[in-house]
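Biologist: I would like to go through this model with you. Shall we start with confidence and then move to the fold?

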Amino acid sequence: MTLETNGLALGANPISTIEIDELSGLDQRKDAILSLRKVSVNYGPVQALSDVDLDIHPGSIHAIIGENGAGKSTLLKAIAGIRKPSTGHLEIEGEPCEFSGAQQAQAAGISCVFQEMSLIPDLSIAENILLLNPPRRFGIVNRTAQKSRVAKLLDRVGAGDLDPATMVRDLPLSKKQLVEIAKGLAFDPRLLILDESTSALTNQDTKHILELVRALRDDGLAILYVSHRMSEIRTLADECSVFRDGRKIKTFAADTQSDSDIVEMMLGRSIEAAFPPKSEPKPDAPVVIETRDLAWDQSLTDISATVRKGEILGIGGLDGQGQHDFLLALFGVLKGLEGEVHLAGEMRTDKRPSHSIRSGPTMAYVPEDRGVHGLVQQMSVGENILLVDKGSYLKNFLRPKGKDSKRLQDAIERLKIKVTSHRQPVFALSGGNQQKVVLAKWLSEMPDILLLDDPTRGIDVGTKQEIFLLLNELAQEGCTILLYSSDYQELSNCCHRVLVFYEGKISHQLEGDMLTENNLINAAFNLPLQTP
């Protein structure tokens, strides 16, 4: 039996670990636009990248595959001029080169669109896209030329409906990602690096981006493509390189390796099951959350729902149908909320997040954008985990420091966070480990209710499995979980029930045999469901 996960076929039978392929699996070719030769990168005593040889060719899409923490982000930073190699060197068309910063890499024709966006919220779309090289006339920014050029870039990435004068802070996450890609194309690059650039996009936007990437490849552009979605890699890639523990395991032509072989190369082992068996909540479990006629602005209308103790309730539907606002409404963020929220049978009158955190039933909220809303990037792992504390300031100040150390160590071990110590800055962690820190921050003191806003977006299959196991464990311990996910397979395999949102309302409730991926897709488009 085979289990499909994000396009990965995960075999149930154990398979042996594949050895590192030092020869790369492809003949070295002389037409490479960029080459890495024995490149290693160290962060202090930690070797994040080790002896990597890699060739990127014009007119080709080269996919980089691996778990979070495998070295992918460090590889991209080395290529983009952000991190100098500790040993080894880069070559442009066979000539050795050294970048002292990102601007030198851009001048050489290398443009990188990172997973964590670099947009400035208080600037307009046009100002963000042409931040470093705005068109000028007599030394002053030519706003007309700026708007015209940005409009063409937005149209190229499928965001032609956006006004270049719009402030970035007013855009939804999916539109911000499109603006980020347009910004990457503003330099007319020869090599475009896309790091999880579709992870926040709707299906329609993703389809357009994939078509755009193919068109850029056909125009002769070299594309370095990083994604955890194997279906995208299967669709796009000409070549693939798998990384694990900072090493390149193998480079191979697309379609020459099976999904199970790729998973084995990524993890050094097979995954016997991607999703743990669901532990059904007790049918007589008490109702923890009840909403009555919840409404807010134009986003939510007449939301009435109940959730029981120990239940994992899924929130589904196409992006932008009110799911994010529903979770924010429960957490107490939205002002002007209409309707009623009952917690453990009592109507909530204090709707502040601080009350939700400290007063029972207690709530925890894991936001959609971990980099902006979930973490303080310049602080350490330990400081981030301790940001949420239910005690008073005086009580926390007088608490013995040894208690904090044990609490941090327990949190790091429970979530299997890969760190050198809790003093390590959180920005130095991989995306998957950063997400674990966000979870650890809220789970260091067990909440009664856990609100999750697309928690596995942009993280690898191994980390996803660890999160699924954790959610199942928390539900068994009595935690009530609300999980919004853009991945229909996650919803169908992890949740006891799923509420599908359509135009700000709950259009369908799926459970039992009706809870399938096909029905989740049909419900998302408000189409008739299929009876098993």
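Biologist: What pLDDT does the protein average?
Modeller: This is a predicted model, and 89% of the residues score at least 70. The average pLDDT of the protein is 84.

Biologist: Over which residues does pLDDT stay under 50, with 73 contacts beyond four places in sequence?
Modeller: The model does give this stretch 73 contacts beyond four places in sequence. Its pLDDT stays under 50 throughout, and the stretch is residues 1–29.

Biologist: How many contacts beyond near neighbours does the stretch 392–400 have?
Modeller: Here too the pLDDT is below 50. Beyond near neighbours in sequence, residues 392–400 have contacts in the model numbering five.

Biologist: How many helices and strands does the protein have?
Modeller: Secondary structure is of both kinds. The count is 18 helices and 24 strands.

Biologist: What share of the residues counts as buried?
Modeller: The protein has 532 residues. Buried here means under 20% relative accessible area. The share that counts as buried is 54%.

Biologist: Among contacts between residues at least 6 apart in sequence, what share joins residues at least 24 apart?
Modeller: Contact means heavy atoms within 4.5 Å. Among the contacts in question, the share joining residues at least 24 apart is 69%.

Biologist: Is helix α1 largely enclosed or largely open, and how many of its residues are buried?
Modeller: Helix α1 covers residues 72–79. The buried residues are Lys72, Thr74, Leu75, Leu76, Ala78 and Ile79. The helix is largely enclosed by the rest of the structure, because the number of its eight residues that are buried is six.

Biologist: Which residue follows α1 with a positive phi?
Modeller: The phi in question is near 85°. The residue that follows α1 with this value is Gly81.

Biologist: Which residues have the most contacts inside the largest nonpolar core?
Modeller: Nonpolar side chains tend to be buried together in soluble globular proteins. The largest nonpolar core here has 72 residues. Those with the most contacts inside it are Phe326, Leu450, Leu451, Ile481 and Leu482.

Biologist: Which residues does Leu450 contact, leaving aside neighbours within four places in sequence?
Modeller: Leu450 is among the residues with the most contacts inside the largest core. Its partners are Ala364, Val366, Leu443, Leu471, Leu474, Cys479, Thr480, Ile481 and Leu482.

Biologist: How many residues are in the second, separate core?
Modeller: This core includes Val168, Val179, Ala182 and Leu192. Its size in residues is 32.

Biologist: Now the surface. Which residues make the nonpolar surface patch of about 250 Å²?
Modeller: The protein exposes about 23,600 Å², with carbon and sulfur atoms supplying 50% of it. One contributor to the patch lies in the loop between β8 and α3, and counts as partly exposed at 35% relative accessibility. The patch is made by Ile120, Leu131 and Leu132.

Biologist: How far apart in sequence are the parts that the Asp161 and Lys175 pair ties together?
Modeller: Their side chains meet in a salt bridge at 4.0 Å, N to O. Asp161 lies in the loop between α4 and α5 and Lys175 in helix α5, so the parts tied together are apart in sequence by 14 residues.

Biologist: Is Lys175 buried or exposed?
Modeller: Its partner Asp161 counts as exposed at 59% relative accessibility. Lys175 has 18% relative accessibility, and the cut-off for buried is under 20%. Lys175 therefore counts as buried.

Biologist: Which residue does Glu477 form a salt bridge with?
Modeller: The closest N and O atoms are 3.4 Å apart. The partner lies in helix α14, so the pair ties together parts 63 residues apart in sequence. Glu477 is partly exposed, at 45%. Its partner is Arg414.

Biologist: How far apart in space are Gln530 and Asn518, C-alpha to C-alpha?
Modeller: Gln530 is in the segment after α18. It touches Met514, Asn518, Asn519 and Asn522, not counting residues up to four places away in sequence. Gln530 and Asn518 are twelve residues apart in sequence, and their C-alpha distance is 7.6 Å.

Notes:
Residues are numbered from 1 along each chain as its sequence is written. This is a predicted model: local features need pLDDT of at least 70, side-chain atom pairs count only at pLDDT 80 or more; totals for chains, interfaces and linings use all residues. Side-chain values use heavy atoms; hydrogens and water are left out. Helices (H or I, at least four residues) and strands (E, at least two) are DSSP runs, numbered from the N terminus. Buried means under 20% relative accessible area, exposed over 50%, partly exposed in between (1.4 Å probe, protein chains only). Accessible areas come from the Shrake-Rupley method with a 1.4 Å probe; for residues, only the protein chains shown count as cover. Patches are made of residues with over 30% relative accessible area and no salt bridge: like charges are joined within 9 Å, nonpolar side chains (Val, Leu, Ile, Met, Phe, Trp, Tyr) within 5 Å. A nonpolar core is a set of buried Ala, Val, Leu, Ile, Met, Phe, Trp, Tyr and Cys residues joined through side-chain atoms within 4.5 Å. pLDDT is the predictor's confidence in each residue, from 0 to 100.
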